[in-house]
Amino acid sequence: MHYISNAYGYTVYYSVGATAKEFNASTLASETPYATFNKTAYVSTAAAVTAVNHHAQETGLPVIDLGSGVQGTIDRGAGQAYLTWQAGRWSVTVHASPVMGQDPVAMSKQLVALFNQYSLPIPSQVGAANFDVTDNGLNQTITWQEGAILYKVSARSAETAIKMASSMSR
């Protein structure tokens with residue numbers, strides 16, 4: 001692990017290697033992280049809430065049963081598909097590209113099962129879990145706010161992001 005910080009917060013980078021290294025070793029900065037944790041302070045609660053990529057569930061879209069009593073809506077168009085559902089103060093969105101042969105339903109059902117095992121932190125007002133069917137880069141993100149503070153976990157896999165965010169629950 002290594003971290004960087006500034007007056008507004010910090011980012012912790014997690015990487016995997018064959019041999020252990022000291023915390024914040026200079027060589028870690030050049031490694032590709034498998035996950036990050038970020039804390040950012042905003043000037044107000046309203047600013048932090050605005051920074052969360054929260055998606056309200058739209059009406060009038062096809063409804064998909066995801067199991068465990070969870071229903072999501074799917075929005076398809078322009079070669080993209082977004083499956084979204086609400087869980088308390090959280091919005092959960094899974095993105096897929098049907099033109100690439102991707103479908104968000106299977107991953108969404110897997111995520112519902114993971115959320116039945118792992119509880120996310122309770123945000124003051126809103127949280128957003130945004131996932132992509134493709135595990136490229138740190139594109140599996142979970143973001144929540146507590147007052148004027150924004151927390152964000154980014155990972156290469158949805159399961160890693162969920163487990164990390166869950167470990168930060170109170």
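In which strand does Y3 lie? Select Y3 in your viewer and you land in strand β1. Before going on, keep in mind that this is a predicted model.

**Stop 1: around Y3**

Stay on Y3 for a moment. Its relative accessibility is 37%, so Y3 counts as partly exposed. Now add M1, Y10 and F23 to your selection: together with Y3 they make a nonpolar surface patch of about 380 Å².

Next, colour β1 and β2. These two strands form a hairpin, with 2 residues between them. They run antiparallel and are joined by 5 bridges. If you'd like to see one of those bridges, pick N6 and look across to G9, its partner in β2.

**Stop 2: the whole sheet**

Zoom out and show all the strands. You're looking at an open sheet of 10 strands with mixed pairing. To walk across the sheet, follow β1-β2-β3-β10-β9-β8-β7-β6-β5-β4. Which strands stand at the edges? Select residues 2–6 for β1 and 63–67 for β4: each has a single partner strand, so one side of each is left without a neighbour in the sheet. Turn the view a little and compare strand directions: neighbours in this sheet are turned by 15° against each other on average, ignoring direction.

**Stop 3: the β4 edge**

Go to β4 and add β5, residues 70–77. The two run antiparallel, with 4 bridges joining them. One pair to click on is I64 and its bridge partner in β5, G72.

While you're here, select T73, which also has its place in strand β5. Is T73 buried or exposed? Its relative accessible area is 7%, and that makes T73 buried. Leaving out residues up to four places away in sequence, T73 touches Q57, E58, L61, P62, V63, Y82, L83 and T84.

**Stop 4: two loop residues with positive phi**

Here's a bit of background first. Most residues other than glycine have a negative phi. Now try S68, in the loop between β4 and β5. Phi of S68 is near 55°, a positive value, and S68 is not a glycine. S68 counts as exposed, at 57% relative accessibility.

Then hop to A78, in the loop between β5 and β6. Phi of A78 is also positive, near 55°, again in a residue other than glycine. With a relative accessible area of 82%, A78 is exposed.

**Stop 5: H95**

Move on to H95 in strand β7. H95 has a relative accessible area of 16%, which puts this residue among the buried ones. What does H95 contact, apart from its neighbours within four places in sequence? Show Q80, A81, Y82, F131, D132 and V133, and you have the answer. Try a distance too: from the C-alpha atom of H95 to that of D75 is 9.7 Å, for two residues 20 apart along the chain.

**Stop 6: two helices on the sheet**

Select residues 104–117 to bring up helix α2. This helix packs on the sheet and touches β4, β5, β6, β7, β8 and β9. Its direction makes about 20° with that of β6.

Now select 158–166 for helix α3. This one lies across β2, β3, β8, β9 and β10, running at about 20° to β9. Which residues of α3 are buried? Highlight A158, A161, I162, M164, A165 and S166. The cover over these buried residues includes β2, β3, α2, β8, β9 and β10.

**Stop 7: the salt bridges**

Side chains of opposite charge can pair when their charged atoms come close. How many salt bridges are counted here? The count comes to 2.

You can find one of them without leaving α3. E159 forms a salt bridge with K163, and their closest N and O atoms are 2.9 Å apart. The two sit 4 residues apart in the helix, so about one helical turn separates them. E159 is partly exposed at 37% relative accessibility, and K163 is partly exposed with a relative accessible area of 36%.

For the last selection, go to K21 and E31. They form a salt bridge too, with the closest N and O atoms 2.9 Å apart. Both residues lie in the loop between β2 and β3, so the pair ties together parts that are 10 residues apart in sequence. K21 is partly exposed, at 41% relative accessible area; E31 is partly exposed as well, at 24%.

Methods
Residues are numbered from 1 along each chain as its sequence is written. This is a predicted model: local features need pLDDT of at least 70, side-chain atom pairs count only at pLDDT 80 or more; totals for chains, interfaces and linings use all residues. Side-chain values use heavy atoms; hydrogens and water are left out. Two strands pair if DSSP finds at least two bridges between them. Axes are lines fitted to C-alpha atoms, for helices over the stretch in contact, and angles run from 0 to 180 degrees between N-to-C directions. Contact means heavy atoms within 4.5 Å. Patches are made of residues with over 30% relative accessible area and no salt bridge: like charges are joined within 9 Å, nonpolar side chains (Val, Leu, Ile, Met, Phe, Trp, Tyr) within 5 Å. Accessible areas come from the Shrake-Rupley method with a 1.4 Å probe; for residues, only the protein chains shown count as cover. A salt bridge is a side-chain nitrogen of Lys or Arg within 4 Å of a carboxyl oxygen of Asp or Glu. Buried means under 20% relative accessible area, exposed over 50%, partly exposed in between (1.4 Å probe, protein chains only).
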